[in-house]
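Dear colleague,

I am handing over the structure below, and my notes on it follow. Please read them with the model open beside you.

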Amino acid sequence: MTSTVTAGLTQEGYRYRCILPGSRARKVSAETYEVDFGSPESLQELRQLLVGSSGEIIGAAINFLGISQAYAATGCASGEAALQVTLWSFQFLKEFANDLTAAAQQGGGTVMNLTALDGRLGLGRGGRMALTSSGLLGLFKTFQQEYPTLRVKTVDLDLSAGNTIMGSRLLDELMVDDHLVEVGLSATGRSTVRLERTTAHPTQLGPLPLDKSSVVLITGGANGITYDAALRLAELAKPTLILVGRSPLPEPEGDDTRDLDTAKLRMHLIQQRKAQGQPMVPAQIEQNLRRILKDRQILDNLAALEATGATVEYHSMDVRDEETFGGLIDDVYTRFGRIDGVIHGAGVIEDKLMKDKTPQSYSNVFSTKVDSALILAKRLKPAELKFLVFFSSVSGRFGNGGQADYSAANEFLNKLADDLDRKWPGRIVAINWGAWDAGMVSDELRKLYAARDLYMIPIPDGVQFLENELRLGSRGEPEVTIACSIPKLIEMVSARR
Ligand SMILES: NC(=O)c1ccc[n+]([C@@H]2O[C@H](COP(=O)([O-])OP(=O)(O)OC[C@H]3O[C@@H](n4cnc5c(N)ncnc54)[C@H](OP(=O)(O)O)[C@@H]3O)[C@@H](O)[C@H]2O)c1
């Protein structure tokens, strides 16, 4: 594939340099260089080698990592491999973003990313599905948003169609400026993604696939929007709910603080520090305050779930840890003999533009969603599973400035849902939620939405949409977007170019 593309570029009068993964930055031959993609320092050295002394301009970049042997095999090699291919690409983009932006002012600035999911962006309904590199879709969509003057396109190839055909079609894609950020190329043609408005009609809705004997595993379930989802299921079916979160199960709150509201609690903490002769550190006071309020919320939420008549267990653990989280899944099967449904909502955000984001932060955000989802895919028993819902995000569907890692992770979940839906009989769906008026949504985002006349999903509507998705049953629609103000969101995404 690479040779078809480089030959085509040469024929068109372009010069190219191939960058291969290696242990350090070095020139291997006139056209070939190596770099340690995992090292920002090595990438800086590569940049010096390429443009530093010669003053040459990098006009365009094509990312072949996603279709290289290490990442393009069917399935997902491992969570580490899925992280590595996006993290390496992220670091490369970060290092060369300014060069590409400068080139855009002179007619260049094209950036192309390649994956080989199935040639239809993972949305083809058959054949092979190479999952490992699917996070790249989210990363590059976000890159486009953060660097709006560039021309970014992510192209998903059907490698079974043959390198020569795909290579020449790829060259056409490279030359055409059609403002499409996602394109699939397969033997049968070219495809792209378009959202279609659908609303579940009451006649399409079956019964909720749960009753009091059912067991539902919910990650991220003791607070935030997964708690809201848990409450709806508890009210409807009173099943056994196995909730998993990071926070340790809080001790019951002491009499001294139980009845205090936020303002009084803050005063109480200040007075407590004074009485103990401790220094007044506002950040520490606020941290203590947040912890107490969160613990209070978790206890209130668990009590509210139990009050419905549902049986509730709360487990504190890191869902990235296969031994612990996989062990819990096995244990639930041993104790209850079944898991009927799963909602995977554990996730974190650490928003920062790509230029400011560290590899550690990127890895944390990506792995929290991806590693845990892979553990679920490995340990769940699909024959008995009625539903598996990934709480994904519009950030995966459209990309979102400041959320390169989160977009990548959510796109991975979307494509994992596509893959599992091909193989598993139950309802498998990644819901690309828009912002809810709840959970991880910050006050800043609320202000931004209000300023742009965008709406958030009210909790009762969100849980109703979720319920409808479960009532729709297995239907071969593994990626669904549920958000308010979708036309405006799309407008915002396209207006950035
Ligand atoms: N809220 C929205 O508007 C929105 C929109 C789109 C998508 N989503 C998705 O919906 C899901 C829930 O979001 P939310 O708003 O409810 O967020 P949230 O309030 O921040 O809750 C996230 C939950 O994930 C848990 N968690 C994080 N890392 C974990 C780990 N390593 N191991 C175990 N549990 C972990 C947290 O536990 P602790 O609290 O105990 O730390 C918390 O319960 C996320 O996946 C998010 O991406 C939310």
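**The shell around the ligand**

In this predicted model, the ligand is surrounded by 28 residues, of which the closest are Gly220, Gly224, Ser247, Gly347 and Gly439. Sorted by class, the shell around the ligand holds 13 nonpolar, 12 polar and 3 charged residues. At least two residues of the shell come from each of three elements, namely helix H6 (224–237), strand S10 (240–245) and strand S13 (387–393), and H6 gives the largest share, with 3 residues.

**Helix H6 and its contact with H9**

The helix that supplies this largest share of the shell, H6, also meets helix H9 (residues 282–307), and the two axes come within 9 Å of each other and cross at roughly 15°. Because that angle lies under 35 degrees, H6 counts as roughly parallel to H9. The crossing of H6 and H9 is left-handed. On the side of H6 the contact is made by Tyr227, Ala230, Leu231 and Ala234, which meet Asn301, Ala304 and Leu305 in H9; by class, the residues of this contact are 6 nonpolar and 1 polar, with no charged residue among them.

**The sheet of 7 strands**

Both strands named above for the shell, S10 and S13, belong to an open sheet of 7 strands with parallel pairing, whose order is S11-S10-S9-S12-S13-S14-S15. At its edges stand strand S11 (311–316) and strand S15 (479–482), each of which pairs on one side only. On average, and with direction ignored, neighbouring strands of this sheet are turned by 20° against each other. Within the sheet, strand S9 (residues 215–219) and S10 run parallel and are joined by 5 bridges, and Ile218 has Leu243 in S10 as its bridge partner.

**The sheet of 3 strands**

There is also an open sheet of 3 strands, with the order S1-S3-S2 and mixed pairing. Strand S1 (18–21) and strand S2 (26–27) are at the edges and have a single partner strand each, so one side of each is left without a neighbour in the sheet. S1 pairs with strand S3 (residues 32–35) in the parallel sense over 4 bridges, and Cys18 has Thr32 in S3 as its bridge partner. Helix H2 (residues 40–52) packs on this sheet, where it touches S1, S2 and S3, and the direction of H2 makes about 160° with that of S3.

With best regards

Methods:
Residues numbered from 1 in each chain as written. Predicted model: local features only at pLDDT ≥ 70, side-chain atom pairs only at ≥ 80, totals over all residues. Near = placed C-beta within 6 Å. Nonpolar A, V, L, I, M, F, W, Y, C, P; charged D, E, K, R; others polar. Axes fitted to C-alpha atoms, helices over the stretch in contact; angles between N-to-C directions. Parallel < 35°, antiparallel > 145°, perpendicular 65-115°, else oblique. Left-handed = near helix turned anticlockwise from the far one by under 90°. Contact = placed C-beta atoms within 7 Å. Pairing = 2+ DSSP bridges.
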